[in-house]
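Hi,

Here is the structure I promised to pass on. Have a look at it first, and then read my notes below.

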Amino acid sequence: MEKIRAFLRWMMIDPRHPEIAQAQYNELKTQIPSLYALLMVNAIAVAYTHFDVAPAYLTVGILAVILLVTVVRMVAWLRARKTELAPQEAIRKIRQTVILGSLISVIYIAWSLSLDGYGGPTERGHVALFIAITVIGCIFCLMHLPQAALMVMVIVTIPYLVHYLGQNEDVYIAMGLNIFLVCLVVLQVLLNGYRGFCKLIVSQSELAAKQRETELLNAENSKLAQTDALTDLPNRRHFFKRLESLIDEVKDTGRKFAVGVVDLDRFKPINDTYGHQLGDQLLMEVGLRLKNIGIPDVEICRLGGDEFGFLYLGNLNEAARTGQFICEQISRPYRIGELQVSVGASCGIAFYPDAGTSAHVLFDRSDYALYNSKTSLRGRTTVYSAEHEARIRSERAIEAALQSADLASEFQVYFQPVVQLPERFVVGFEALARWNSPQLGRIAPDKFIPIAERAGLIHRLTLSLFEKAVAQIKSLPGSLTLSFNLSAHDVTSSETVAALLDIIRRAGVNPRQITFEITETSVIGSYEAAETCLQLLRKAGVKLALDDFGTGYSSLGYLHRLPIDCVKIDRSFVSGIRDPIASGVVTSIVNLCRSMKMSCVVEGVEESHQLELLEAMRCRLVQGYHFSAPLPFEDILASTGENGTVAGLPLSGTAAANSIQFFRA
Ligand code: C2E
Ligand code: CA
Ligand code: CA
């Protein structure tokens, strides 16, 4: 029963394997037209030989009908060659073919057997041959549709056999039997071939399914590889891929686009103060906001840390507006748990092809523009311009000169006295680097120090300058202090720190006389490394000062967490000290330092009225042009008087308080 059901299902074309039906249909498209051609030729031949012996309606009449049907079907199949059928459609078409094949077989066998009633043995022999070769030919042509082949065989050979059996003529019975058996064998061979065909199709379709699965998996993997795990935004790899393909797309079209880089402001202090977990949560919130920012055709990627990037196809003003919009959106406050936090964002934009034509140049340029926003236009968008290009060139020239500079002869240390109030003693000096390059002339330290840092030359430079400064200060009378500026790289390099301590030890200077000045920004980058190095210095007995206080984040958290002995108030507060707000800030910081038992130096004192105000605030230590500009060591030495003065001011601890002279008063 089960077998019969399976056979019937097979005969009806099993719908569970539409891919087989599709493949069968494709094969039939090439074979069925030949089948119809064979039918036509055979039919014409048999009609021709019976033309004289059989009635015209049987030869001409039925032949005409047969030819008409055959031609129509043949044309239909020839047309179908160009079309590709959907699986379900193929099943329907194939079922139709089985039915139509059966019908045509009925017509053919009925017609042939009717013709058998006419003519002599030759004509009858032709009919028998006609049936035999037509049925075998048809079965062959239907090798990819064995269901139809079986139907044709059954419909043709059984009536054929029965017909001859009825006539009781041995030769014809033998022929009928013979054809029946041959057809059986042929069908058997066809079925074997068909099974192989089905297996091939199934395995091909399985292979194709596997391939699709692999492709899907690959697509998923590559999406994952291009997605940032924390924010779910596209990542740096995706950004650069898009950037490169965009360059390829617009290369020959004259179209322009912008590369934008956005960096969060104040993220690091938040991360340092509240911990990495909150930092991550904040980045996730920023990511969510950027994902839903709703700027058409702009995809924002996380490039790493607190840096994001975007590409904008359009004009310069629109791109700048987009950058600014992104910064503003990021700057809206965030609520994380119980906490309300706000970060800012600055943006840098570089335009293709004006700023560069390769991905890395464009990115570097937008990064440079971003750096400009961060240093002088926080919260704003800077577009990379010709002016930046010129600056980069000059920075490159500086870097090249630095690379080949002879540190011993080209660099000098200048000294600026630190004065104690109200006595106006010189208690020590701040060492400030000076560079006179044979190629470029004098270059200010705030220009060459960052370049030396970026070029990886700062370690050597710091040590060479410090060695000079220590040797020179040592040769002055009394126990003067030396303040020396360290850059971000120095503060985080244990190698530099060890070498600095070694210089102090070798020079035989008391470490307590040495103060290293650091800035908040130099510590923020890698707080942990900096803290370790600073503790190391502190342990060795040297003092630490927080420089330029009031200009950066001025986070009181840093004052607490870092091992600081002294705060240096930035000169911008002194220049505006007549303003009650500025003087209020100075007073607060001075009082804060007093309560925290730290010393405090006010920098940039230029005018006597500033000095008076600072004295009224009971400031103890000051520095500035009012007393002395930074001077070369020879000038300091030359001004060191017999009575214990230096640069015209008495040295700390000398009893020359009465003979106070002002260098520039
Ligand atoms: P800084 O540490 O804040 O140094 C004070 C700067 O203010 C010096 O500029 C000094 O010449 C200037 N200055 C002193 N008194 C006055 C004043 O009354 N009015 C005005 N307007 N300016 C005054 P300089 O020497 O050009 O140094 C600039 C910066 O370069 C320094 O700022 C420091 O951050 C850095 N620097 C200098 N030498 C070194 C060094 O050897 N190593 C490192 N890492 N940085 C250095
Ligand atoms: Ca300083
Ligand atoms: Ca300073």
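**The calcium site**

Please keep in mind that this is a predicted model. The calcium ion (ligand 2) has as its protein donors Glu430 (OE), Asn485 (OD1), Glu517 (OE) and Asp547 (OD), which lie 2.1 to 2.3 Å from the ion. Along the chain, these donors follow the spacing E-x54-N-x31-E-x29-D. Another calcium ion, ligand 3, sits 3.9 Å from ligand 2, and Asp547 coordinates both. Distant parts of the chain are linked here: Glu517 belongs to strand β12 (residues 514-518) and Asp547 to strand β13 (residues 543-549), 30 residues apart.

**A helix pair**

You may also like the packing of helix α16 (residues 458-474) with helix α18 (residues 494-507). Their axes come within 10 Å and cross at roughly 20°. Angles under 35 degrees count as roughly parallel, and α16 and α18 are therefore roughly parallel to each other. The crossing of α16 past α18 is right-handed. On the α16 side, the contact involves His459, Thr462, Leu463, Phe466, Glu467, Val470 and Lys474. From α18 come Glu495, Thr496, Ala499, Leu500, Ile503, Ile504, Arg506 and Ala507. By type, the residues of this contact are 8 nonpolar, 3 polar and 4 charged.

**The overall layout**

Stepping back to the chain as a whole, the division is into domain 1 (2-208), domain 2 (236-384) and domain 3 (406-550 + 620-663). Taken over C-alpha atoms, the centres of domain 1 and domain 3 are 106 Å apart.

Best wishes

How values were computed:
Residues are numbered from 1 along each chain as its sequence is written. Chains are lettered from A and ligands numbered from 1 in the order in which they are written. This is a predicted model: local features need pLDDT of at least 70, side-chain atom pairs count only at pLDDT 80 or more; totals for chains, interfaces and linings use all residues. Side-chain values use heavy atoms; hydrogens and water are left out. Domain bounds come from an automatic or database domain assignment. Axes are lines fitted to C-alpha atoms, for helices over the stretch in contact, and angles run from 0 to 180 degrees between N-to-C directions. Helices (H or I, at least four residues) and strands (E, at least two) are DSSP runs, numbered from the N terminus. Angles under 35 degrees count as roughly parallel, over 145 as roughly antiparallel, 65 to 115 as roughly perpendicular and the rest as oblique. A crossing is left-handed if the near helix is turned anticlockwise from the far one by less than a right angle, and right-handed if clockwise. Contact means heavy atoms within 4.5 Å. Ala, Val, Leu, Ile, Met, Phe, Trp, Tyr, Cys and Pro count as nonpolar, Asp, Glu, Lys and Arg as charged, and the others, Gly among them, as polar. Donors are N, O and S atoms within 2.8 Å of the metal (3.2 Å for Na, K and Ca); water is not among the atoms, so sites may look incomplete.
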